[in-house]
Amino acid sequence: MAAASRVFTFRDVRWAPDPVLEPSAAVRTPQPVPLVIDNGSFQTRAGWASPDPAVPAEPLLRFRSLAARSRGARGGAGAETQVGNDLGSPEPLRWLLRSPFDRNVPVQLELQELLLDHVFQRLGVASQGCVDHPIVLTEAVCNPLYSRQMMSELLFECYQVPKVSYGVDSLYSFYHNRKQNWPCSGLVISSGYQCTHILPVLEGRLDAKNCKRINLGGCQAAVYLQRLLQLKYPGHFAAITLSRMEEILHEHSYIAEDYIEELQKWRSPEYYESNMHKMQLPFSNKLLGSTLTSEEKQERRQQQLRRLQELNARRREEKLQLDQERLDRLLYVQELLEDGHMDQFHKALVELNMDSAEELQSYINKLSLSVEQTKQKILQAEVNIEVDVVDSKPETPDLDPLGSEQSLEDVESINEFEPLFAEEQPEVEKPVAAVQPVFNLAEYHQLFLGTERIRAPEIVFQPSLIGEDQAGIAETMQYVLERYPKEQQAILVQNVFLTGGNTMYPGLKARVQKELLEMRPFQSSFQVHLASSPVLDAWYGARDWAVEYMTREEGWITRKDYEEKGGEYLKEHCASNVYVPIRLPKQAPRTTEASAPSRALPSSTGNPCEQV
């Protein structure tokens, strides 16, 4: 009973399309409230930021940051673009899916525009040619200026928004979870779908110079788990999809506090049997021919024979009609010769690709013979329509004298059904009982999850498991801490904060505590906190900030700022990146070179770089 209780089925949930929502009047009066968009590489979340209790204080839209453009139907319909939950299921469209993100930085602004269109349309933003709501948008840590410039250009030029604010998603989550007694400094560990970041926060501001990124996240873990299971179960290669691997990661995986020690536990058969999870793949209970009695087999043969006879009869009728039409055409040409219309006769011969009247007469004789034979076969088939399967075998039609393609198709169709009508039949067929399968078909379609439950999420601590030449979370965290004096290190480790969807594994908090215990001095103190909702706290924090700073100018980029200072301009606030303006090097004055006397040119055999 215990083993049966550990058999889990894949839910394979289909995404329900997002409805078109009707916004309440509170989002428009007395002035348009900000629209908060958590622009994540895995999922986009959008909702309103309003202190009015009539406006929901939660994201109204949650959909995957994916788009797919179909190639169009054959009937002439044009290509159709589907976004987010409108896709239904990602697996049938896996090779058509496109994301605007490279790692966690939006680079495909055409796809980003599709995502924003989807958000505005489904939230009921019905403005005339523009979006008159302020936008609060999340971005990556140390976001490239080019990416921010393109995003600002899209928002201000395409949607005509009044003002925009950019912030880091993990910092929004950090400030949303900050309690009254929490310090303003801390070490934020943010692990998402594509990347993992280590962010030091000192006195309420991000220290961008010492931020570090690991190019590993939930996406790489899902791909690694898929490869492990496809190698383990090559017979179910197509059934092991990325969507099912993400489901396994979310519901059946965990982080080992001590990876080597945990692997030693899995070597024990008792531990394996008590902790192994079985995932049931979809399958069909029907085995062809395994439970059929002799009467059912005979009935199936009779049905196959009836279908074959109907198919042959229909083909003979079609062939007879075509041959009769061609014969009538040839006889009409022969009548032209008999009536003396020689010009029309020769013209008809050219159309028929014939050279003489003798060739015409030869074709007429062959077609007449073929028509008579086909009529006889049709009459014979009507007489012998009831055929005993045991005493007779299917009729094999003769080849036509002209060797037409229809007769060859008849022979091929007969050959396909030959195994069903064997000439050798047993004299007496004894009734046999239903044959039981020699193995459990359901168990054959099961995936046994053992050490795979800990191997896939372990890559964020040991990237070498998948061949990545990077440091894990523990080494990167120690590297960041060592860049500060001991006093600041002690301040940072008092508030180690875990956020992001990839931090929801059971055991992650204990693993980080163990790593800190090994790297910190003896009897030193530290505290590790996990976000209350690692997935949604970034949106909640952005909403809190938007409600607090709704009437202030701090942190908002207006259209005037965009036109004067460029799209890469950023107004800093407590949860934003650090703005580093572009500094172009000054060009050396060319007047001195022009006034200087001409020098002798170097020899042509010298180094071109040295000449320059």
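1. The lining of the second largest pocket breaks down into 14 nonpolar, seven polar and six charged residues. This is a predicted model. The pocket holds about 550 Å³ of space.

2. Which residues lie nearest the centre of that pocket? They are Arg94, Trp95, Leu97, Tyr193 and Leu242, out of 27 lining residues. Three elements give two or more residues to the lining: β7 (97-98), α5 (218-232) and α6 (242-252). Of these, α5 gives the most, with five residues.

3. Now the enclosed space. Rolling a probe the size of a water molecule over the atoms shows where empty space is left. The structure has two cavities of 30 Å³ or more. For the second largest cavity, the volume is about 50 Å³. Its lining consists of Ile189, Ser191, Ile255, Val460, Ile473, Asn502, Thr503, Tyr505 and Leu508. By class, the lining of this cavity has six nonpolar residues, three polar and no charged.

4. Next, a helix pair. The axes of α4 (residues 169-176) and α18 (residues 537-548) come within 7 Å, crossing at roughly 75 degrees. An angle of 65 to 115 degrees counts as roughly perpendicular, so α4 is roughly perpendicular to α18.

5. What does each helix bring to this contact? From α4 come Asp169, Tyr172, Ser173 and His176. From α18 come Asp537, Ala538, Tyr540, Gly541, Ala542, Asp544 and Trp545. The contact residues of α4 with α18 comprise five nonpolar, three polar and three charged.

6. On the annotation side, UniProt lists residues 294-328 and 357-384 as "coiled-coil region", in an unreviewed entry. In the model, residues 294-328 are 100% helix and 0% strand. The end C-alpha atoms of that span lie 51 Å apart.

7. Two backbone points deserve a look. Most residues other than glycine have a negative phi, and most peptide bonds are trans. The peptide bond from Thr29 to Pro30 is cis, with omega near -5 degrees. Pro30 sits in the loop between β1 (7-9) and β2 (35-39).

8. Where is the residue with the positive phi, Arg103? Arg103 lies in the loop that runs between β8 (101-102) and β9 (105-106). Its phi is about 60 degrees, although Arg103 is not a glycine.

Technical notes: Residues numbered from 1 in each chain as written. Predicted model: local features only at pLDDT ≥ 70, side-chain atom pairs only at ≥ 80, totals over all residues. Heavy atoms only, no water. 1 Å grid on protein atoms, 1.4 Å probe; cavity = no way out; pocket = protein on both sides within 12 Å on 5 of 7 lines; lining within 4 Å. Points joined across faces, edges and corners; volume = space filled by probe spheres on them. Helix = DSSP H or I, 4+ residues; strand = E, 2+ residues; numbered from the N terminus. Nonpolar A, V, L, I, M, F, W, Y, C, P; charged D, E, K, R; others polar. Axes fitted to C-alpha atoms, helices over the stretch in contact; angles between N-to-C directions. Parallel < 35°, antiparallel > 145°, perpendicular 65-115°, else oblique. Contact = heavy atoms within 4.5 Å. UniProt positions renumbered as here; feature names shortened; annotations may be inferred.
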